[in-house]
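This report goes through one chain and its ligand. Please have the sequence and the model open while reading.

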Amino acid sequence: MAVIGAGLAGLEVTRALSQRGLSVLLVDRKADIARHVHTTGIFVRKTLEDFAIPDFCLGEAVKHVNLYSPARQVLALSSPHDEFRVGRMGKLYGHLLEQGLNAGAVFSNATHLRGISKSSRGSVLHLERHGQSMPTQARFVIGADGAVSKVAQELRLEQNKEFIIGVEDVLEGVPLVGEPCFHVYIEPKLAPGYIAWVVHDGEHVHLGTGGYAAQFDAAQALEVFRASVSTQFDFSKAKRLERRGGRIPVGGVLKNIVHSRGLLLGDAAGAVSPLTAGGLDPAIRLANFAAHILERHLGGDATALETYNGSAWRTRFTSRLWMRRLLSSVTQPQLLELGFAALKLEPFKSVAWHVFFGRGGSFPELEPKTNLAIAHQRS
Ligand SMILES: Cc1cc2nc3c(=O)[nH]c(=O)nc-3n(C[C@H](O)[C@H](O)[C@H](O)COP(=O)(O)OP(=O)(O)OC[C@H]3O[C@@H](n4cnc5c(N)ncnc54)[C@H](O)[C@@H]3O)c2cc1C
């Protein structure tokens with residue numbers, strides 16, 4: 001079994017498969033998986049409850065969301081629960097990799113997948129490491145290689161077509177005033193079709209913006225956005241630790257994501273909420289589901305792969321796809337202000353509350369025991 005991509009989806013499926021006793025080769029083009037992380041890393045309560053991610057991989061809990069209109073009216077939403085925690089993604093990736101390696105997985109870093117051809121025993125992966133070609137046999141290939149998937153292309157599975165791009169700075173030295181809060185800004189110019197955000201997790205500040213690439217210059221928008229919130233946050237001693245960014249597929253989970261020689265996971269499968277652009281919960285959930293059905297498939301269950309069904313999951317995203325289309329089409333500041341004023345009134349306020357704090361599921365729920373796979377491995 002080969003897994004292409006050591007992001008959250010690939011690392012989690014490698015851990016889950018190898019702990020089931022299956023032989024796994026994990027491959028990533030990065031030399032160091034803890035570097036060039038492209039996600040803010042906000043985990044929602046549902047993920048934190050279902051998967052016990054170790055504490056040392058998480059920032060402080062966030063219970064509050066402040067939502068801002070373009071004119072900077074504020075809607076403050078609070079929850080009695082710990083709703084979000086920002087992952088220390090480098091540490092989490094290292095932790096999951098270690099678990100996979102301890103269970104027998106093999107990891108090849110700095111290794112690029114260049115192509116896949118069919119063979120009598122499954123597939124030959126055309127891998128390349130430091131300019132050296134390394135053809136490798138695999139009975140089954142898992143494409144966890146992100147939003148623009150080479151595995152999808154090579155296995156003629158479906159590919160993502162609709163993206164937004166996100167860019168953010170991770171800063172240290174910004175004082176936290178009050179409790180940790182997720183600040184969300186509706187900014188049609190600086191974040192067309194999405195949002196800009198500031199989240200302070202008690203240690204670091206993530207300041208970012210996202211939107212449709214054709215409608216803005218993301219790096220420039222980030223600078224303007226930072227200046228626009230500089231009266232709200234004290235950046236006088238801020239030091240930039242990293243700039244992160246990348247494409248986020250927002251067209252909904254793809255229909256055609258599995259066949260007899262391989263399947264897609266995480267961003268490669270379009271498994272991202274079209275509305276919130278959150279992909280960490282779907283990545284971890286699908287990885288566990290895939291491990292579960294692959295164990296059955298390799299054990300001889302001829303129907304197991306049929307349950308990995310993108311078409312069925314896609315129907316659960318319909319309302320979020322429509323909300324994405326609606327929100328991205330409203331660009332008039334006056335209309336947005338009117339809509340925002342309505343959000344302060346019931347029942348719209350409850351809708352906003354549910355968008356941020358709701359526990360709506362879109363992906364397969366596994367048996368709690370399987371879902372808690374990480375918990376059992378907590379170090
Ligand atoms: C700026 C930004 C902020 C975000 N913030 C959040 C957030 O706060 N919360 C949330 O839930 N979601 C967030 N998302 C979305 C979320 O990060 C992704 O959905 C999630 O990280 C996808 O994980 P993945 O493992 O599927 O893919 P990735 O993390 O993209 O991993 C893919 C891996 O495959 C490797 N790879 C690709 N091609 C090849 C190849 N040919 N050969 C070898 N290796 C290859 C890459 O090096 C990479 O390591 C954000 C996205 C962005 C861009």
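Does E223 count as buried, partly exposed or exposed, given its C-beta neighbours inside 10 Å? E223 has 13 such neighbours, so it counts as partly exposed. The residue belongs to helix α5, which covers residues 218-228. L207 is 16 residues away from E223 in sequence, and the two C-alpha atoms are 10.0 Å apart.

**Model and confidence**

The model is predicted. Its mean pLDDT is 91, and 94% of the residues in the chain reach 70 or more. Residues 367-379 should be read with this in mind, as pLDDT stays under 50 over that stretch. For residues 367-379 the model has 17 contacts beyond four places in sequence.

**Overall fold**

The chain contains 12 helices and 19 strands. Its radius of gyration is 21 Å, close to the 21 Å that the globule rule gives for 379 residues, so the chain is as compact as a globular protein of that length. The C-alpha trace spans about 60 × 40 × 40 Å along its principal axes. Of the 379 residues, 43% count as buried. Where contacts join residues at least 6 apart in sequence, 70% of them link residues at least 24 apart.

**Two domains**

The chain is divided into domain 1 (1-31 + 109-161 + 253-326) and domain 2 (43-87 + 163-249 + 330-360). The C-alpha centres of domain 1 and domain 2 are 29 Å apart. Where the domains meet, 14 residues of domain 1 are in contact with 14 residues of domain 2. On the domain 1 side of this contact, α6 gives the most, with 3 residues. By class, that side of domain 1 has 8 nonpolar, 4 polar and 2 charged residues.

**The ligand shell**

Which residues come nearest to the ligand, out of the 37 around it? They are G5, G7, T39, G266 and G279. Several elements give two or more residues to the shell, namely α1 (8-19), β9 (111-119), β13 (163-172), β17 (239-249) and α6 (280-298). The largest share comes from β17, which gives 4 residues. The shell is made up of 12 nonpolar, 16 polar and 9 charged residues. Both domains take part, as the shell draws at least three residues from each of domain 1 and domain 2. Helix α6 thus appears twice in this account: it gives two or more residues to the ligand shell, and it gives the most to the side of domain 1 that touches domain 2.

**A buried residue in a strand**

F182 is in strand β14, which runs over residues 181-185. With 23 C-beta neighbours inside 10 Å, against a cut-off of 20 or more, F182 counts as buried. Leaving aside residues up to four places away in sequence, F182 touches V62, V65, F84, W197 and V199. One of these contacts, V65, is 117 residues from F182 along the chain, yet their C-alpha atoms are separated by 4.7 Å.

**Backbone features in loops**

Two residues other than glycine with a positive phi are set out below.

| Residue | Phi | Loop | C-beta neighbours within 10 Å |
|---|---|---|---|
| H130 | near 45 degrees | between β10 (122-129) and β11 (132-138) | 8, exposed |
| R156 | about 55 degrees | between α4 (150-154) and β13 | 9, exposed |

Why do H130 and R156 count as exposed? A residue is exposed if 12 or fewer other C-beta atoms lie within 10 Å of its own. H130 has 8 such atoms, so it is exposed. R156 has 9 and therefore also counts as exposed. The loop that holds R156 leads to β13, one of the elements that give two or more residues to the ligand shell.

A cis peptide bond is found elsewhere in the chain. The bond from E346 to P347 is cis, with omega near 5 degrees. P347 lies in the loop between α9 (333-343) and α10 (348-357).

Key. Residues are numbered from 1 along each chain as its sequence is written. This is a predicted model: local features need pLDDT of at least 70, side-chain atom pairs count only at pLDDT 80 or more; totals for chains, interfaces and linings use all residues. A residue is near a molecule or strand if its C-beta atom, placed from the backbone, lies within 6 Å of it. Ala, Val, Leu, Ile, Met, Phe, Trp, Tyr, Cys and Pro count as nonpolar, Asp, Glu, Lys and Arg as charged, and the others, Gly among them, as polar. Domain bounds come from an automatic or database domain assignment. Two residues are in contact if their C-beta atoms, placed from the backbone, lie within 7 Å. pLDDT is the predictor's confidence in each residue, from 0 to 100. The radius of gyration is taken over C-alpha atoms; the globule rule is 2.2 Å times the number of residues to the power 0.38.
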